[in-house]
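Me: Please take a close look at a single part of this structure and describe it in one connected account. I should also like to know how that part relates to its surroundings.

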Amino acid sequence: MNPVIMPPTGNDQATALRELVSNKKDSSAALRVAGMRSIAVLSGKGGVGKSNVAVNAALALAEMGLRVAVLDADLGLANIDILFGVVPKFNLGHVLKGEKELADILFKVSENVFIIPGGAGLQELADLDEQRQLWIIERLGFLENDIDLLILDTSAGIHKNVLSFATSADMSVLLTTPEPTAIRDAYSVLKSLCQATEGSVNIGLVVNMAADEKEASLVADRIVSAAEQFLNYKVRYLGCILWDQMLREAVKNRKPLLLSGGESVSIPYFKALAEKLSDPQGGKKNKSLREDSFLRRLARQMRKKGIR
């Protein structure tokens, strides 16, 4: 017997979401595709600006009229709330325990942008029996219709949970910086994903903290060439984000760069990246929730890999 999915309970965040969904005046509706698309943001090592890219890309996508949710999928060092300067009371664990609906934990941080605090909830998802797991995913299912794009800010490195997020998402954005260690570790993540999926994973490359576009292109060429030669895999280069002192100041002030105002050298690059991420052809379209949604793919991958 299928569980009855009750309407979201009322609080400020849930009300804001329902108002957003019911707004039919969005002139950018043509950008939307049937079903929610999902993008995992990955990196080989910490300190390459992965969370900052996820946050500011989400804001740039929202400026285009897309409804974006950012899931804090870093199970060890969740920090999306800090970058947005907010303190959510609830996380996905409260949904899994039946204490809250997903609409109760969705936290609106900007127009068209919500965060989903993950916490330990994502680990708990793997511990459920299959029947309960599918029931929980059904409860999360309304997200598939109310959000255009789900961005997953994952942990750095090669972990079972990162592989699950990357292989379940419609596409992955792999970040590196020009530092040799970051390049090496990014290639290691790419290699692991290619081996785990026999090359069927959809990965785009972004070079962050580059001095200029030329330096970024040289770094990208190294990774793209190595992937073609040794992995028989073609990586799509999505562009770069330049090193920006204003971005560092925004982190200190706990306010995303795209909400800080003022001129910044990196803002046009975030917007250019958002243009590419908004393209449905950049990642396969999800089927309906009942067929094979991101959430179902994630549950299947987590159980298969025995994530704890």
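Reply: Arginine 254 is placed in the loop between helices α12 (245-252) and α13 (257-260); helices here are DSSP runs of H or I with at least four residues, strands are runs of E with at least two, and both are numbered from the N terminus. The model is a predicted one, in which local features need pLDDT of at least 70 and side-chain atom pairs count only at pLDDT 80 or more, while totals for chains, interfaces and linings use all residues. Residues are numbered from 1 along each chain as its sequence is written, and side-chain values use heavy atoms, with hydrogens and water left out.

The backbone of arginine 254 deserves attention: its phi is near 55 degrees, a positive value in a residue other than glycine. Its relative accessibility is 39%, which means that arginine 254 counts as partly exposed. On this scale, buried stands for under 20% relative accessible area, exposed for over 50%, and partly exposed for what lies in between, with a 1.4 Å probe and protein chains only. A positive phi of about 60 degrees also occurs at methionine 209, again not a glycine. Methionine 209 sits in strand β7 and is partly exposed, with a relative accessible area of 34%.

Two residues tie arginine 254 to other parts of the chain. One is aspartate 81, found in helix α3. Its contacts, meaning heavy atoms within 4.5 Å, are Asp72, Val86, Pro88, Ile115 and Arg254 once neighbours within four places in sequence are left aside. Aspartate 81 is partly exposed because its relative accessible area is 24%. Its C-alpha atom is separated by 9.4 Å from that of phenylalanine 107, 26 residues apart along the chain.

The other is phenylalanine 84. Leaving aside neighbours within four places in sequence, it is in contact with Val55, Leu59, Val109, Val113, Ile115, Arg254 and Pro256. Ile115 and Arg254 thus appear in the contact lists of both aspartate 81 and phenylalanine 84.

Phenylalanine 84 leads to the interior. The largest nonpolar core has 90 residues, and those touching the most other members are Leu61, Phe84, Ile116, Ile151, Leu190 and Leu277. Helix α2 (residues 50-63) gives the most to this core, with nine residues. Such a core is a set of buried Ala, Val, Leu, Ile, Met, Phe, Trp, Tyr and Cys residues joined through side-chain atoms within 4.5 Å.

After helix α3 (80-84), a loop runs to helix α4 (92-96), and asparagine 91 is placed in it. Asparagine 91 is partly exposed at a relative accessible area of 23%, whereas leucine 92, in helix α4, counts as buried at 6%. The C-alpha atoms of asparagine 91 and aspartate 104 are 9.0 Å apart; those of leucine 92 and isoleucine 105 are separated by 7.1 Å.

Helix α12, on one side of the arginine 254 loop, also takes part in the largest pocket. It gives the most to the lining, with four residues, and α2, β7 (203-210) and α12 each supply at least two. The lining comprises 24 residues, of which Gly47, Val48, Gly49, Lys50 and Asn52 lie nearest the pocket centre. A pocket is an open set of points on a 1 Å grid over the protein atoms alone, where a 1.4 Å probe fits, with protein on both sides within 12 Å along at least five of seven lines; lining residues have an atom within 4 Å of a point. By class, nine lining residues are nonpolar, nine polar and six charged; Ala, Val, Leu, Ile, Met, Phe, Trp, Tyr, Cys and Pro count as nonpolar, Asp, Glu, Lys and Arg as charged, and the others, Gly among them, as polar. The volume of the largest pocket is about 480 Å³, taken as the space filled by probe spheres set on grid points joined across faces, edges and corners.

For the setting as a whole, the chain has 16 helices and eight strands. Buried residues make up 56% of its 308 residues. Of the contacts with a separation of 6 or more, 81% join residues 24 or more positions apart.
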